[in-house]
Amino acid sequence: MAELKPEGAFIVLARAAELVAQGRDIINLGIGQPDFPTAENIVEAAAKALRDGHHGYTPANGIQPLREAVAADILANRGVAVDPDLVLVVPGGKVTMFFAILILGEPGAEIMFPDPGFPVYEAVIRFSGAKAVPMRLYEDRGFSFSAEEVLGQITPATRLIIVNSPANPTGGVVPRAEFDRFVAGLEDHPHVAILSDEIYSRLIYEGERHVSLLEYESIRDRLILLDGWSKTYAMTGWRIGYGVWPATLYDAALRLAINDHSCVNAPTQYAAIEALTGPQESVAAMVAAFDERRRVIVEELNGVPGMSCTTPLGAFYAFPNVSELGRSADELQTALLEEAGVATVAGPNFGAAGEGYLRFSYADSADHIHEAVRRVRALLG
Ligand code: PLP
């Protein structure tokens with residue numbers, strides 16, 4: 001259990017809530033969730049499901065119309081046909097990663113994870129007993145990995161490589177050419193499975209088109225796709241996500257689901273159908289708002305002496321380099337929260353390669369972003 005670290009963003013969230021309870025004025029750029037409410041038509045679909053009597057267990061892998069809606073959405077947004085019977089609906093995006101790592105990880109196995117990256121990967125890999133092997137993301141590559149370097153780290157013990165594009169905490173997007181090289185190289189390593197965390201697939205800017213690893217036929221039989229509703233539809237608190245599993249691993253994941261949570265709560269599954277099949281205007285409006293704030297925060301942070309911020313192409317995080325400021329990222333995180341009332345998350349929470357960076361979530365209003373950066377400047381003098 002000692003290996004299973006808590007997620008830094010949730011610790012910051014708890015401390016920020018304590019400070020707010022003490023009457024402090026805190027701007028929370030710490031937690032990664034949209035500041036928009038879930039769209040009314042989605043909320044109504046859940047309420048209707050409850051009124052219609054959907055109060056019982058559902059099939060453990062999710063109701064059939066929802067799995068079909070997921071397959072249709074993948075065809076529309078990724079151009080790939082998947083079998084609805086390989087879709088496993090679970091309570092949040094995290095569950096697919098937890099299951100994938102538990103199924104494939106064990107002492108003696110190696111699992112590679114992006115560094116800096118979503119901290120749950122490394123924590124769960126260690127929890128499984130496997131060796132956690134960092135794959136570096138580079139600021140000067142727009143926080144992409146180098147395919148050549150990653151392929152060079154594969155050993156006979158490598159079971160799983162975790163990829164996340166667009167990424168948390170960097171907002172980085174892996175270019176198609178890098179993925180092409182990565183997948184071409186994987187053909188020499190058929191023993192390695194891939195988990196592609198595409199939870200930010202719809203939050204992408206500057207005309208970039210999301211590249212899904214599902215598009216690559218040669219690795220389809222060992223690819224686990226992770227996506228969900230939390231970020232795209234502002235549904236973090238509903239707890240629903242999905243995995244598309246290779247046929248060889250589906251049964252293992254399903255058995256974990258049955259033994260773990262039985263099924264996702266029924267009304268949320270009906271809401272999730274409405275999210276995918278109903279009007280998409282609220283998604284477009286949210287992405288446009290994030291894009292606007294992205295420009296604001298990048299410009300603001302680049303104006304702070306000692307900080308430099310590459311322009312993120314996806315998700316809703318800015319990850320400025322603060323190494324010139326002469327203080328560790330942890331010290332900065334604490335000073336910003338306790339003294340300036342701005343919640344951020346220090347880079348080392350996302351892996352050793354995160355030292356020298358701070359994560360700012362820009363899922364907050366432009367006014368709050370301006371005010372937060374004003375406070376940052378005041379603190380740093
Ligand atoms: N994957 C990444 C990269 C994330 O950043 C997050 C949430 O922050 C998740 C997965 C988990 O999403 P969910 O809230 O649906 O479990």
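## Cavity, pocket and ligand in a predicted model

The largest cavity has a lining made of P114, M135, L137, F143, F145, I162, V163, N164, A167, G172 and V174. The model is predicted, and the values below are computed from it. Rolling a probe the size of a water molecule over the atoms shows where empty space is left. Here the search yields one cavity of 30 Å³ or more, and the volume of the largest cavity is about 60 Å³.

Strand β5, residues 158–164, gives the largest share of this lining, three residues. By class, nine residues of the cavity lining are nonpolar and two are polar, with no charged residue.

### Backbone features

F143, one of the residues lining the cavity, has a phi near 60 degrees, which is a positive value in a residue other than glycine. F143 is placed in the loop between β4 (131–136) and α6 (147–152).

The loop between β5 and α7 (176–186) contains P166, and P169 lies in this loop too. Each of these prolines takes part in a cis peptide bond: S165 is joined to P166 with omega at about -10 degrees, and N168 is joined to P169 with omega at about 10 degrees. Most residues other than glycine have a negative phi, and most peptide bonds are trans.

### The largest pocket

The volume of the largest pocket is about 410 Å³. Its lining holds 23 residues, and those nearest the centre of the pocket are F10, G32, K94, F118 and K231. Two elements give two or more residues to this lining: α1 (8–21) and α4 (93–104). Sorted by class, the pocket lining has ten nonpolar, seven polar and six charged residues.

What sits in the largest pocket? The ligand does.

### Around the ligand

The shell around the ligand has 14 residues, of which G93, D197, Y200, S230 and K231 come nearest. Helix α4 supplies the largest share of this shell, three residues. The shell divides into five nonpolar, five polar and four charged residues.

Which side chains place a polar atom by an oxygen atom of the ligand? N168, K231 and R239 are among them, with the distances listed here.

| Residue | Partner | Distance |
|---|---|---|
| N168, polar side-chain atom | ligand oxygen atom | 2.8 Å |
| K231, polar side-chain atom | ligand oxygen atom | 2.6 Å |
| R239, side-chain N or O atom | ligand oxygen atom | 2.8 Å |

Taken alone, the ligand exposes 400 Å², and the protein buries 93% of that area.

Two of the residues in the table also appear elsewhere in this report. K231 is one of the residues that lie nearest the centre of the largest pocket, and K231 is also among those that come nearest to the ligand. N168, whose side chain has a polar atom 2.8 Å from an oxygen atom of the ligand, is joined by a cis peptide bond to P169. P169 is in the loop between β5 and α7, and β5 is also the strand that gives three residues to the lining of the largest cavity.

Technical notes: Residues are numbered from 1 along each chain as its sequence is written. This is a predicted model: local features need pLDDT of at least 70, side-chain atom pairs count only at pLDDT 80 or more; totals for chains, interfaces and linings use all residues. Side-chain values use heavy atoms; hydrogens and water are left out. On a 1 Å grid over the protein atoms alone, a cavity is a set of points where a 1.4 Å probe fits but cannot get out, and a pocket is an open set with protein on both sides within 12 Å along at least five of seven lines; lining residues have an atom within 4 Å of a point. Grid points are joined across faces, edges and corners, and a volume is the space filled by probe spheres set on the points. Helices (H or I, at least four residues) and strands (E, at least two) are DSSP runs, numbered from the N terminus. Ala, Val, Leu, Ile, Met, Phe, Trp, Tyr, Cys and Pro count as nonpolar, Asp, Glu, Lys and Arg as charged, and the others, Gly among them, as polar. A residue is near a molecule or strand if one of its heavy atoms lies within 4 Å of it. A polar contact is a pair of N or O atoms within 3.5 Å; within protein, one must be able to donate a hydrogen and the other to accept it, and residues adjacent in sequence count only if both atoms are side-chain atoms. Accessible areas come from the Shrake-Rupley method with a 1.4 Å probe; for residues, only the protein chains shown count as cover. A molecule sits in a cavity or pocket if more than half of its atoms lie within 2 Å of its grid points.
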